[in-house]
Amino acid sequence: MTLPDRRFMDHALTLAARGLGRVWPNPAVGCVIESGGIVLGRGWTADGGRPHAETMALAQAGSTAHGATAYVTLEPCAHHGHTPPCTDALIDAGIARVVIAQRDPDPRVNGRGLARLHAAGIEIVEGMREAAARTLQNGFLTRVTMGRPMVTLKLATTLDGRIATASGESRWITGPAARQHVHGQRAQHDAVMVGAGTARADDPRLTVRGFGQKRADSPQPVRIVLSRRLGLPVPSALTRGGPPVWALHGQDAPAAARDRLQAHGVNLIAVPGDGGRQLDLVAALAELGARGLTRVYCEGGGTMAAGLLSAGLVDRLDCYVAGAAIGAEGIPAIGAMGLSTLAEAPRLQLAETRRLGPDLLHRWIAV
């Protein structure tokens with residue numbers, strides 16, 4: 001790894017991050033074209049997934065791309081989809097060297113893009129900043145390899161792990177800086193998901209506010225509610241227009257409830273139950289993955305948090321902690337998990353701690 005290679009790949013990774021939450025089902029890719037230490041073109045996957053990063057960067061570089069190096073955060077595609085293969089575009093532009101962070105596990109691409117570049121006589125360097133790229137692409141990689149989106153569980157708690165008082169009051173446990181950060185995280189996810197209890201108690205909008213989301217056509221996450229019996233209020237903030245609303249429900253949801261929500265534009269998705277009173281979360285996430293979602297931000301209550309953790313479905317946990325205490329009578333951040341020994345407890349690894357005004361963010365990742 002040379003310092004220039006690392007620097008230009010870091011630039012490409014920064015560009016790729018601009019597409020998070022805006023390009024599903026495609027991956028968020030960044031591309032930098034360089035020659036002699038000068039950036040000739042740069043691009044990232046556009047909203048909706050097209051054009052691709054390489055296409056955008058090559059358009060900027062024009063004829064100067066001949067003999068240059070392309071830094072790409074994911075192996076260039078080698079198949080015909082809505083656009084021609086990016087490998088062909090790189091070859092046709094006369095790129096002499098391609099540096100990639102990681103291979104694309106999609107069976108339509110995996111190794112094929114590199115093989116076509118190699119056959120065209122292009123020098124290839126693999127694995128540049130691979131760990132950083134995998135973290136960035138965790139959602140896309142999880143969907144392709146596991147059939148479900150990456151799950152980020154968000155909790156906003158007091159020092160004693162409570163998310164509300166005994167009466168249900170929760171606004172606001174954390175301060176403005178933490179709440180603004182949450183909106184930034186929503187913007188980087190394809191969907192925001194809550195349970196029916198949260199939808200009834202808080203009447204949330206689940207939209208991104210701030211961060212340039214002022215235009216009517218600005219990308220917004222899909223809003224998802226898990227409700228076995230479709231016990232959602234109508235009308236509500238979720239049914240008064242705005243981004244799409246998906247309601248995942250059980251096979252036994254009443255027909256009247258289905259008709260009422262469909263009349264308000266809610267997309268209904270039936271999933272199996274878990275044998276009790278809850279939906280099968282593994283099946284629910286598989287349904288979301290099948291619909292192309294790569295990153296889901298979960299803001300549900302303690303029951304959802306416990307279910308996701310118990311099922312091993314939490315890839316990242318963002319815990320915002322305020323300097324307040326409610327006491328044992330408050331509502332816990334994580335509901336009952338039925339554990340009898342510490343050995344059964346899900347374990348996460350601390351990745352980051354950050355101060356947000358008077359509050360702290362602890363970010364944990366699955367191990």
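Leaving aside its neighbours within four places in sequence, which residues is Leu288 in contact with? The fifth view below has the reply, and the views before it introduce other parts of this predicted model.

**View 1. Strand β1 sits between two partners in a five-stranded sheet.** Let's start with an open sheet of 5 strands, whose order is β2-β1-β3-β4-β5 and whose pairing is mixed. At its edges are β2 and β5 (123-125), each of which pairs on one side only. Direction ignored, neighbouring strands here are turned by 15° against each other on average. Helix α1 (residues 3-17) packs on this sheet and touches β1, β2, β3 and β4. The direction of α1 makes about 145° with that of β1. Helix α2 (residues 53-61) also packs on the sheet, where it touches β1, β2 and β3. Its direction makes about 145° with that of β2.

**View 2. A hairpin joins β1 and β2.** Strands of a sheet pair through backbone hydrogen bonds, in either a parallel or an antiparallel way. Here β1 and strand β2 (residues 38-44) are antiparallel, with 6 bridges between them. To find one of these pairings, look for Ile33, whose bridge partner in β2 is Gly41. The hairpin has 2 residues between its strands, and Gly36 in the turn has a positive phi of about 60°. β1 also runs antiparallel to strand β3 (residues 69-72), to which 4 bridges join it. In that pairing, Val32 stands opposite Tyr71 of β3. Is β1 enclosed or open, and why? Of the 6 residues in β1 (residues 30-35), 5 are buried, so the strand is largely enclosed by the rest of the structure.

**View 3. Strands β4 and β5 run parallel.** Now move along to the other end of the sheet order, where β5 follows β4. Strand β4 (residues 97-100) and β5 are joined by 3 bridges. A pair to pick out is Arg97 and its bridge partner in β5, Glu123.

**View 4. Helix α4 has its buried residues on one face.** Which residues of helix α4 (residues 112-119) are buried? They include Gly113, Leu114 and Leu117. Viewed down the helix axis, the buried residues of α4 fall within an arc of 95°, so they line one face. These buried residues pack against α3 (86-92), β4 and β5. On the other side of α4, His118 and Ala119 are exposed. Just after the helix comes Gly121, which takes a positive phi of about 85°.

**View 5. Leu288 belongs to the largest nonpolar core.** Here is the reply to the opening question: beyond its neighbours within four places in sequence, Leu288 is in contact with Pro149, Met193, Ile224, Trp246, Leu248, Leu293 and Val296. In soluble globular proteins, nonpolar side chains tend to be buried together. The core in this view has 30 residues, and those touching the most other members are Leu153, Ile224, Leu248, Leu288 and Leu308. Several elements each supply at least two of its residues, among them β6 (150-157), β9 (222-226), β10 (245-249), α10 (281-290) and α11 (302-310). There is also a second, separate core of 23 residues, with Ala247, Ala253, Tyr297 and Tyr320 among its members.

**View 6. A nine-stranded sheet carries helix α11.** This open sheet of 9 strands has the order β11-β10-β9-β8-β12-β6-β13-β16-β15, again with mixed pairing. At the edges, β11 (267-270) and β15 (348-356) each have a single partner strand, so one side of each is left without a neighbour in the sheet. Neighbouring strands are turned by 20° against each other on average, direction ignored. Further along the order, β13 and strand β16 (residues 359-366) run antiparallel, joined by 6 bridges. Among the residues of this pairing, Leu317 has Trp364 in β16 as its bridge partner. Helix α11 packs on the sheet and touches β6, β8, β9, β12 and β15. The direction of α11 makes about 140° with that of β6.

**View 7. Two cysteines outside any disulfide, Cys31 and Cys298.** How many disulfides does a search of the whole structure find? The search finds 0. For Cys31, the nearest cysteine sulfur belongs to Cys86 and is 8.4 Å away. Cys31 has 0% relative accessibility and counts as buried. For Cys298, the nearest cysteine sulfur is that of Cys319, 15 Å away. Cys298 is buried too, with a relative accessible area of 0%.

Notes: Residues are numbered from 1 along each chain as its sequence is written. This is a predicted model: local features need pLDDT of at least 70, side-chain atom pairs count only at pLDDT 80 or more; totals for chains, interfaces and linings use all residues. Side-chain values use heavy atoms; hydrogens and water are left out. Buried means under 20% relative accessible area, exposed over 50%, partly exposed in between (1.4 Å probe, protein chains only). Two strands pair if DSSP finds at least two bridges between them. Axes are lines fitted to C-alpha atoms, for helices over the stretch in contact, and angles run from 0 to 180 degrees between N-to-C directions. Contact means heavy atoms within 4.5 Å. A nonpolar core is a set of buried Ala, Val, Leu, Ile, Met, Phe, Trp, Tyr and Cys residues joined through side-chain atoms within 4.5 Å. The arc is that of the directions from the helix axis to the C-beta atoms. A disulfide is a pair of cysteine sulfur atoms within 2.5 Å.
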